[in-house]
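These are my working notes on a multi-chain model, kept in the order in which I looked things up. I begin with the domains, then turn to a strand, a helix and the contacts between chains.

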Amino acid sequence: MKLLNKVLTISACAMLSASIVTAKEVKIGVIMPMSGPIGGFGQSANKGLEVMHSMNNKLDNGDTVKLILIDNKSDKIESANSASKLISSDKVTAIIGALTSTNTMAMTKIAENAKVPVVAPVATNILVTKRKEYVSRVCFSDAFQGEVAANFAINELKQKEAVLITDVKLDYSIGIAKIFKRAYKKLGGKIVKNVRINSGDTDFKAMLSNLKAMKPKFIFFPVYSSEAGLIAKQARQLGIKAKFLGTDGMTADKVFFKAGGKAVEGFYGTNLFSSDAPKTTELSKKFDDTFTKQKNESVHPFGVLAADSYNIIVAAMNKCKDPADNVCVNKNIRATKNFKGASGVISIENGDAKRSAIINIIENGKEKYLTTVNP
Amino acid sequence: MDFITFIQQLINGISLGSMYALIAIGYTMVYGVLRLINFAHADIMMVAAFAAFFAIDSLEVSFVLATIIAILVSVVTGILTDRVAYKPLRHSPRISLLITAIGVSFFLENIVNVTFGGTPKSFNAPEFFDTIIELSGATLTPTVIIVPVVTVLLLSILLFILYRTKYGMAIRALAFDIKTVSLMGIDSNRIIMIVFIIGSALAAVGGIFWAISYPILTPYMGVMIGLKAFAAAVLGGIGSVSGAVLGGFILGFTEVAVVALYPELGAYKDAIAFVFLIIVLVLKPTGIMGINFEKSRF
Amino acid sequence: MAKLNKNFIIYLLISIAFICISPYVFEDYGMRILNNIFIFIILAVSYNLINGITGQLSLEPNGFVAIGAYVTALALLSEDMKWELFQLEDPSPWVLGLNLDLIPALLLSGVVASAVAFVLAVPVFRVRGDYLAIVTLGFGFIIKVLAINSPEVTNGSIGLNEIPSVINVYWTGGIAIVTVILILNVVYSKYGRAMKAVRDDEDAASAIGIDTFKIKTLAFITSAFFEGIGGGLLAVLLTTISPDLFTFFLTFQLLIIIVLGGLGSMSGAIIGTVLVIGGSEWLRFLDSSMNIFGYVTDAHPGLRMVVFSLVLIIVMLFAREGIMGKKEFSDIFRKKK
């Protein structure tokens, strides 16, 4: 018996070590705000990531892909520390994150120094990728979104006068507002009033009452969901009948629909993705179906983009001899051309993504697809 | 600005001011009796709002029942806070109490954060509160009328309690000199508990009204509101409940007025409360009404 | 003068040796934490000066840290970078002209912060106790609002990015040691004794002839000076700053640190920093899913903060003196006569 035991043990060990040797694990770090004021963004994004990972968690060569998620609590220092930990302790090959531009920029230096590629799903500020070699994104930049908004306002909505509401606490808002102003003016539009709000404000009645006296016809407000929802509700309560155009931040959190209620009907918004837009790729259809089946709800734009960040990294890994070679993976990420992702067709140039934007209108408490704008 | 807009802004000011007033009363009462700035007071308001949210959303009870639940929850929270965190430190240096209050405040915020998640929650008030009433060009919603009326009503009841009942007298005595009062045979801990009950209940009402008017709740929503309400209490005269209400209205009006008249300063709106606070504390710490004014009138 | 006794020199040598060895012992993540700890030591030790030693509950350090961070960041960024970074408005001319190396930049941060403290001392010290706390809280908040709304100077809420990363642990550790020595000097000088007198009983102190306003202001300014330097180092460590970094939470962390370590004890502040900063990294596991004896809990982000607030409350209730109370390391080892 003793001999048999020994033989069994040794062969078990051999098999075990063999399996450890052959099926390696490649790690991708994920930094997202899962708690804190923008925790909703992170949760939505992560859901998409989870579904995509469940659909495809093995590389072509059999290695498994492991996701390591760290919650950066919507905080900059946490983002930096998380990146540091992922790179040196967990030894990840790539990082997906960190949703907002400010938090992403807090960790790009660390990633650049360590030569670890970062793929940002929705960080839209132009400075995120500028002059970086290891940072890419799958979303369009504020520059593109601002122009799309201005074009839509002038050409489709035929509004030559606009009120601009900027959230001065939000670099996202400031960035888009600046581009919108420039593009709108170039197309012949006039900004009749510039309003400033702060994230976290809840009472906009004083500001809106002032606006009401001007009888505005069109308001562009690149702000986040909470503020957008409250502004919408209070504006309608005060009897303001203007058309509103928002951006992807507006519908980023469901609370916009819940808090705004009936007030947000008829609002327009630019966005990165729409579930009921005609699907442009195979993967898009499959992903949408799988997501709805697994999570019982339709996928949020952030979720799809997180999924595509994952897809692009995996595709890059597959092209490398050693999928854990971060320099090679980065090179391939940056060379992505016409990738058929879950959110559409993406090409990456100097870290920036060339992709189309969507325009939605809110109907019956949901976003309804209107049109696509191609770069 | 034209007359209609002026009326509209006036209404906005009343609406905002009365909510600050409701919360300011709690601060002023606790400070009057314990000489403690209860940093956690605004978080009790937040807890009440979340309790109501939970009751409406998950337990699916009626709005009235949810309000009652919220008031109960905040009263219990207030009493617990006092018993657990403040009572043991009754005879310690004030700095310890203050730090503990900050700790309790953070604790409440983070417990709610962990339990409900930090993402903003939307509060489902009954449709009634959304009805729009037109008043020759200016529009109002029912809350704009209900909140100030309720505030004044509650204030009157409170003043009655404070100046015409035994318990009220005990509270005022404690505010005057807490050490001697216990020597007189009054159970100071019980009276303090009553103060916390009243203060927390008022905060709960304020919280519900806030949730109805601005239906987005986050665990940290109490922070700014609390500081502003405290500024209002100091402005009106710390220790005086009618002062707190007065301070609340002044602060509400000023915030609205600044945005209405100087829209470019809109971003500095939050700093107004602090400016008031600093000016009052440095120049006339007893505030506008001061405790003596109230005493002499009632 | 600082007590140049045997113990002190031993600690000094140990710290220097530790700093020199650390890059070889720790990897990037550990070094990052170490840098953080050193910077927070600077902040905690200076915050302790106004809070623990002089007994004035100031809730303002986040304001001074912010000032220091912005001054250093602006000084270190080159003019071209500034043109690029400032998205909201064009940078004001004197911001463009500001161009210094690290040490002058840090010194300037300290000076500007203490200048602001000097100006604020007048209104702040007219009040006492809780009012002081609220007034300082208010000023801290106003500084933050100014930072957000002065885009020509601070680039508003976008903040400043790509600050050149010119420091490493030798800088942070070295400056931490220097700060501790300097502050210990103050504590053990006649000013320090006057500060403690003000803390223990302000009226009695003024009765024996101490100019309490002067002493409080001195503590305030010194505190602000080092907090400004700490802020500058923080800016360089993070390479990106924005107004939302400098919230009340930063003050709260410093408060926990010095309370835990013992109000009034420098060594306590150092221990507190290591515990809180190191602890908050170590306690990270509380925020994710945990495996307790095989029972897997769901991830509850934010649990870490709950634990921290509980720690503060428990310390205040049961161990108000903190770990070191008012004593220093040297006091413990001093033989009783």
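How many Å separate the centres of domain 1 of chain A and domain 2 of chain A, taken over C-alpha atoms? I find that 31 Å lie between these two centres, and I note at the outset that this comes from a predicted model.

**Entry 1: domains of chain A**

I looked up the bounds and found that domain 1 of chain A is made of two segments, 12–140 and 279–356, while domain 2 of chain A covers 143–271. Where they meet, eleven residues of domain 1 of chain A are in contact with eleven residues of domain 2 of chain A. On the domain 1 side, the elements that give two or more residues are helix H2 (39–55), helix H4 (101–114) and H11 of chain A. I then sorted that side by class and obtained five nonpolar residues, six polar residues and no charged ones.

**Entry 2: helix H11 of chain A**

Since H11(A) is named at the domain contact, I checked its geometry and its surroundings. Helix H11 (residues 301–318) of chain A has 18 residues and reaches 26 Å from its first C-alpha to its last, which is close to the 26 Å expected at 1.5 Å a residue. Is this helix mostly covered or mostly uncovered? I count 16 of the 18 residues of H11(A) as buried, and thus record the helix as mostly covered.

**Entry 3: strand S1 of chain A**

Next I asked why strand S1 (residues 25–32) of chain A can be called largely enclosed by the rest of the structure. The reason I note is burial, because six of the eight residues of S1(A) are buried. I followed its pairing to strand S2 (residues 64–71) of chain A, to which S1(A) is joined by eight bridges in a parallel arrangement, and in this pair A:Lys27 stands opposite A:Lys66. S1(A) also runs parallel to strand S3 (residues 94–97) of chain A, with four bridges between them, and here A:Ile28 stands opposite A:Ala94.

**Entry 4: chain B against chain A**

I then went to the contacts between chains, where 29 residues of chain B are in contact with 30 residues of chain A. Helix H1 (3–34), strand S1 (121–122) and helix H10 (241–261) of chain B each supply at least two residues of the chain B side, and the largest share, five residues, comes from H1(B). By class, I find 13 nonpolar, 13 polar and three charged residues on that side.

**Entry 5: chain C against chain B**

For the other pair, 30 residues of chain C are in contact with 31 residues of chain B. On the chain C side, helix H7 (129–148), helix H13 (248–261) and helix H15 (303–318) of chain C are the elements that give two or more residues, and H7(C) has the largest share with ten residues. This side has 21 nonpolar, six polar and three charged residues.

**Entry 6: chain C overall, and confidence in chain B**

Chain C has 16 helices and two strands, and 53% of its 337 residues count as buried. Among its contacts between residues at least 6 apart in sequence, 81% join residues at least 24 apart.

For chain B, I noted a mean pLDDT of 84, with 96% of residues at 70 or more. Among the elements of chain B, helix H3 (residues 63–86) has the highest mean pLDDT, 91, and helix H12 (residues 290–297) the lowest, 55.

Notes: Residues numbered from 1 in each chain as written. Chains lettered and ligands numbered in written order. Predicted model: local features only at pLDDT ≥ 70, side-chain atom pairs only at ≥ 80, totals over all residues. pLDDT = per-residue confidence, 0-100. Contact = placed C-beta atoms within 7 Å. Nonpolar A, V, L, I, M, F, W, Y, C, P; charged D, E, K, R; others polar. Expected span 1.5 Å × (residues − 1). Buried ≥ 20, exposed ≤ 12 C-beta atoms within 10 Å, placed from the backbone. Pairing = 2+ DSSP bridges. Domains from an automatic or database assignment.
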